[in-house]
Amino acid sequence: MRYAISLIAALFAATPVHAEPLQPVPAASVEHASAATMLDATWAGERIVAVGDHGVVLFSDDRGVSFQQSASVPISTPLTGVSFVDARHGWAVGHWGAILATADGGGSWQIQRLSSEEDRPLFAVHFFDAQRGVAVGLWSLVLTTDDGGRTWQEQSLPPPPGFRRADLNLMGLFADQDGHLYATAERGQLLRSSDRGRSWNYLDTGYEGTLWAGVALADGRLLVGGQRGTLLHGSADGLSWQRVPLQSKSSITAITVSGRRIAAAGLDGLMVSSSDGGRTFEEQQAADGSSLTAALFIGRETPLLFSRRGVIALPGS
């Protein structure tokens with residue numbers, strides 16, 4: 001990896017900071033917002049919504065050709081995860097345990113939760129429907145809601161096998177077609193919940209490093225990625241795992257899937273793709289070496305990419 005310390009690694013390795021009660025400052029308008037550091041992206045109906053550093057939220061109604069910045073974001077701290085259940089209702093999470101909600105497709109946002117005395121970041125959020133959602137973050141922080149985020153309850157995790165306490169950083173969330181929710185974590189652990197985040201069990205992938213992203217494939221198998229070019233195929237029950245051989249040692253930060261198409265993006269411009277449901281993969285490295293953070297399929301062949309340098313539209317998107 002060419003970057004000694006990447007932006008993403010710095011965010012994920014954050015340590016809680018105790019400070020005076022936080023006074024939220026609205027995000028400022030950014031010139032050339034599409035070049036701002038972005039950390040996650042998703043679909044809101046036919047709209048693309050991306051979140052990033054300094055509270056920047058971007059949205060596109062032309063499939064990524066152009067982006068606008070949301071003019072109403074009440075905080076200016078990094079936003080690290082975003083989830084929508086339809087074209088209007090979505091949630092974003094970030095530092096200081098922030099949870100924001102929108103009811104207009106990301107044009108304006110309201111604070112639902114903000115920890116005023118401890119910066120214990122949330123890294124990912126997933127909503128099953130307009131009422132039930134889960135957010136995860138630093139040191140095994142798990143929050144659940146059953147009322148659309150008006151109230152959030154912290155859930156207690158058991159320690160992982162062989163350890164005395166639950167203190168893993170939980171990096172990403174994804175769900176399968178049967179309603180199971182998965183959280184990627186440190187020490188090669190993948191957590192699974194069958195009750196929308198209230199209780200969890202650990203799935204050991206056999207890898208010892210951090211897993212940052214994952215998806216459930218159309219055939220029920222799991223695919224997770226993480227540090228040092230790690231990409232792992234898992235059985236539907238999560239009990240058996242096989243490593244996908246890659247030449248690159250750059251960390252995988254995001255995985256997206258559309259039918260039989262799969263794309264994994266990572267640091268140093270790493271792109272890994274499959275057009276046959278994950279049976280075979282092709283690997284390439286972007287010439288500019290941008291640290292990629294999110295990917296969304298919008299065209300037939302190539303995904304729209306998000307990075308520390310902003311939005312990247314590849315030819316053919």
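Me: Let's start with two rings. Are Phe 84 and Trp 109 buried or exposed?
Reply: Burial is read from relative accessible area, and under 20% counts as buried. In this predicted model, both Phe 84 and Trp 109 are buried.

Me: Before we zoom in, what share of the chain is buried?
Reply: Buried residues make up 57% of the 317 residues. As for the surface, the chain exposes about 13700 Å², with 48% of that coming from carbon and sulfur atoms.

Me: And how does the radius of gyration compare with that of a compact globule?
Reply: The idea is to set the computed value against what chain length would suggest. A compact globule of 317 residues would come out near 20 Å, and this chain has 18 Å, which agrees. Along the principal axes, the C-alpha atoms fill a box of roughly 50 × 45 × 40 Å.

Me: How many helices and strands should I look for?
Reply: You'll find 1 helix and 27 strands. For how the chain folds back on itself, look at contacts: of those with a separation of 6 or more, 44% are between residues 24 or more positions apart.

Me: Back to the rings. How many aromatic pairs are there?
Reply: A pair of aromatic rings is described by the distance of the centres and the angle of the planes. The structure holds 5 aromatic pairs. One of them joins Phe 67 and Phe 306, edge-to-face, at 6.1 Å centre to centre with 85° between the planes.

Me: Which parts of the chain does that pair tie together?
Reply: Phe 67 sits in the loop between strands E3 and E4, while Phe 306 belongs to strand E26, so the pair links parts 239 residues apart in sequence. Phe 67 counts as buried at 17% relative accessibility, and Phe 306 counts as buried at 0%.

Me: What about the rings of Phe 84 and Trp 109, how are they arranged?
Reply: Their centres are 6.2 Å apart and their planes stand at 85°, so this pair is edge-to-face. Phe 84 is in strand E5 and Trp 109 in the loop between E7 and E8, so the pair ties together parts that are 25 residues apart in sequence.

Me: Which residues form an aromatic cluster?
Reply: Trp 91, Phe 127 and Trp 152 form one. Trp 91 also turns up as a contact of Gly 149, along with Gln 112, once residues up to four places away in sequence are set aside. Gly 149 lies in the loop between strands E11 and E12, and at 0% relative accessibility it counts as buried.

Me: Where do charged ends sit over rings?
Reply: Check the distance from the charged end to the ring centre. The charged end of Arg 187 sits over the ring of Phe 163, 4.0 Å from its centre. Another case is Arg 196, whose charged end sits over Phe 128 at 5.8 Å from the ring centre.

Me: Arg 187 sounds busy. Which hairpin does Arg 187 belong to?
Reply: Arg 187 is in the hairpin of E14 and E15, which has 3 residues between the strands, and it takes a positive phi near 55°. The two strands run antiparallel, joined by 4 bridges; Tyr 182, for instance, has Arg 192 of E15 as its bridge partner.

Me: Which strand pairs with E15 besides E14?
Reply: E16 does, antiparallel and again through 4 bridges, and Gln 189 stands opposite Asp 204 there. As for burial, 5 of the 5 residues of E15 are buried, so the strand is largely enclosed by the rest of the structure. Both faces are covered: Gln 189, Leu 191 and Ser 193 on one side, Leu 190 and Arg 192 on the other.

Me: Last one: why is E17 described as largely enclosed?
Reply: Because 6 of its 6 residues are buried. E17 runs antiparallel to E18, with 5 bridges between them, and Leu 211 faces Gly 226 in E18. The hairpin they form has 5 residues between the strands, and Gly 220 in the turn has a positive phi of about 95°. Thr 210, in the loop between E16 and E17, is buried at 9% relative accessible area. Its contacts beyond four places in sequence include Arg 187 and Gly 226.

Key
Residues are numbered from 1 along each chain as its sequence is written. This is a predicted model: local features need pLDDT of at least 70, side-chain atom pairs count only at pLDDT 80 or more; totals for chains, interfaces and linings use all residues. Side-chain values use heavy atoms; hydrogens and water are left out. Buried means under 20% relative accessible area, exposed over 50%, partly exposed in between (1.4 Å probe, protein chains only). Contact means heavy atoms within 4.5 Å. Two strands pair if DSSP finds at least two bridges between them. Rings of Phe, Tyr and Trp (its six-membered ring) pair if their centres lie within 6.5 Å; planes under 30 degrees apart count as stacked, over 60 as edge-to-face and the rest as tilted. A charge sits over a ring if NZ of Lys or CZ of Arg is within 6 Å of the ring centre and within 35 degrees of the ring normal. The radius of gyration is taken over C-alpha atoms; the globule rule is 2.2 Å times the number of residues to the power 0.38. Accessible areas come from the Shrake-Rupley method with a 1.4 Å probe; for residues, only the protein chains shown count as cover.
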